[in-house]
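Here is a short briefing to read alongside the model. Take a look at the structure first, and then we can walk through the side chains together.

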Amino acid sequence: MPMSEQHQRRRSRVQLVLIFVLFLIPPVSAWIAWQYLGEHGVDATTNAGTLVSPARPLQIGGLHKADGTPLVDQDLRGRWTYVVFAPGDCDKRCEEQLYLTRQIRVAMNKDMPRVQRLLVLANQPSAEFASRLAKQHADLHWVVRASEADALIQTFEGDGFAPSGEQYFLVDPLGNLMMFYDLDVPAKGMMKDLQKLLKISQIG
C-alpha cells in the first residue's frame, strides 16, 4: 500500500475519533457536574430562609381584622406578606419579629408597597397593646384567629416549622406559603432573600 494512502487512512481514523470525543464531551461534563458539584454547585441555594416545597395555597378563613371584618383571600394577593404568630399580646419574641420585619420592609425603599406584614393573634389583644401597635407599627395588619381558622393554621405546620411564634413566614403574592425563617436567621439574609424575590417577581 502506498505511503500516501496509509497516511490518508490514519488521518481519517484520527478525525473519526476526534468527532466521537466531541460528541461525548457534553454528556460527560453534565455527569461530572451532577456527580461532584450537586451539593455545592448547581443544586446549592443561597436562601437564608427555608423553602416550603411545594408551596402551600392558603385558604383564608376564621381570621378577623381589628375592625371585626374577616380577612379574605384578596387581602394576601398582589404583595409579599410576612406572617408572624403570637398570643393575645406580644411577648419579647413577638416584639422582636415585628421590629425586624418592619425594618426589612422599610429597607426595600421604593418596593416597600410590595411588602406587607400580618400578625396573627391567638386571642383578642388588650386595648393598650392594640393602641401600641397602631402607633409603632402603622403599616401592620393584625387579625385574631377563631376556631374556624384551625384548618388554615395547620397549613403553617410542617417539618421544622409551626405557628408557635418560633418562625417568620413568607407568603407569595398569589397567597401561597412558600418560605419560613427560624428566629436566629440574620436579618441581612432575610433582606437579601426578599430583594431577590422582588427583583424576579412579576406578580407582586
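Across the whole structure, a search turns up one disulfide. Do keep in mind that this is a predicted model. Beyond the disulfide, the notes below cover five aromatic pairs and a largest nonpolar core of 28 residues.

**Disulfide**

- The bonded partners are Cys90 and Cys94, with 1.7 Å between their sulfur atoms.
- Both of these cysteines, Cys90 and Cys94, are buried.

**Aromatic pairs**

- The structure contains five aromatic pairs, and one of them joins Phe85 and Phe169.
- How do the rings of Phe85 and Phe169 sit relative to each other? Their centres are 5.8 Å apart and their planes meet at 90°, and because an angle over 60 degrees counts as edge-to-face, that is the label this pair receives.
- Phe85 belongs to strand β3 (residues 80-86) and Phe169 to strand β6 (residues 167-171), so their pairing ties together parts that are 84 residues apart in sequence.
- Phe85 is buried, at 5% relative accessible area, and Phe169 is buried too, at 0% relative accessibility.
- Another pair is formed by Phe161 and Phe180, whose ring centres are 4.7 Å apart; their planes are at 35°, so this pair is tilted.
- Phe161 is found in the loop between α4 (150-154) and β6, while Phe180 is in strand β7 (residues 176-182); the pair links distant parts of the chain, 19 residues apart.
- Are Phe161 and Phe180 buried or exposed? Both are buried.
- Phe85, Phe169, Phe161 and Phe180 come together with Phe156 in one aromatic cluster.

**Nonpolar cores**

- As a general backdrop, nonpolar side chains in soluble globular proteins tend to be buried together.
- In the largest nonpolar core, made up of 28 residues, the members with the most contacts inside it are Tyr82, Leu119, Leu170, Tyr181, Met190 and Leu194.
- Which elements give two or more residues to this core? The strands are β3, β4 (115-121), β5 (141-145), β6 and β7, and the helices are α2 (92-107), α3 (127-136) and α5 (187-200).
- Leu194 makes a good place to zoom in: leaving aside residues up to four places away in sequence, Leu194 touches Trp80, Tyr82, Ile104, Met108 and Val115.
- Apart from the largest core lies another one, of 20 residues, including Leu58, Leu71, Phe161 and Phe180.
- Phe161 and Phe180 therefore appear twice in this briefing, as a tilted pair and as members of the 20-residue core.

Note on methods: Residues numbered from 1 in each chain as written. Predicted model: local features only at pLDDT ≥ 70, side-chain atom pairs only at ≥ 80, totals over all residues. Heavy atoms only, no water. Phe/Tyr/Trp six-rings, centres within 6.5 Å; stacked < 30°, edge-to-face > 60°. Helix = DSSP H or I, 4+ residues; strand = E, 2+ residues; numbered from the N terminus. Buried < 20%, exposed > 50% of the residue type's maximum accessible area, 1.4 Å probe, protein only. Disulfide = S-S within 2.5 Å. Core = buried A, V, L, I, M, F, W, Y, C linked by side-chain atoms within 4.5 Å. Contact = heavy atoms within 4.5 Å.
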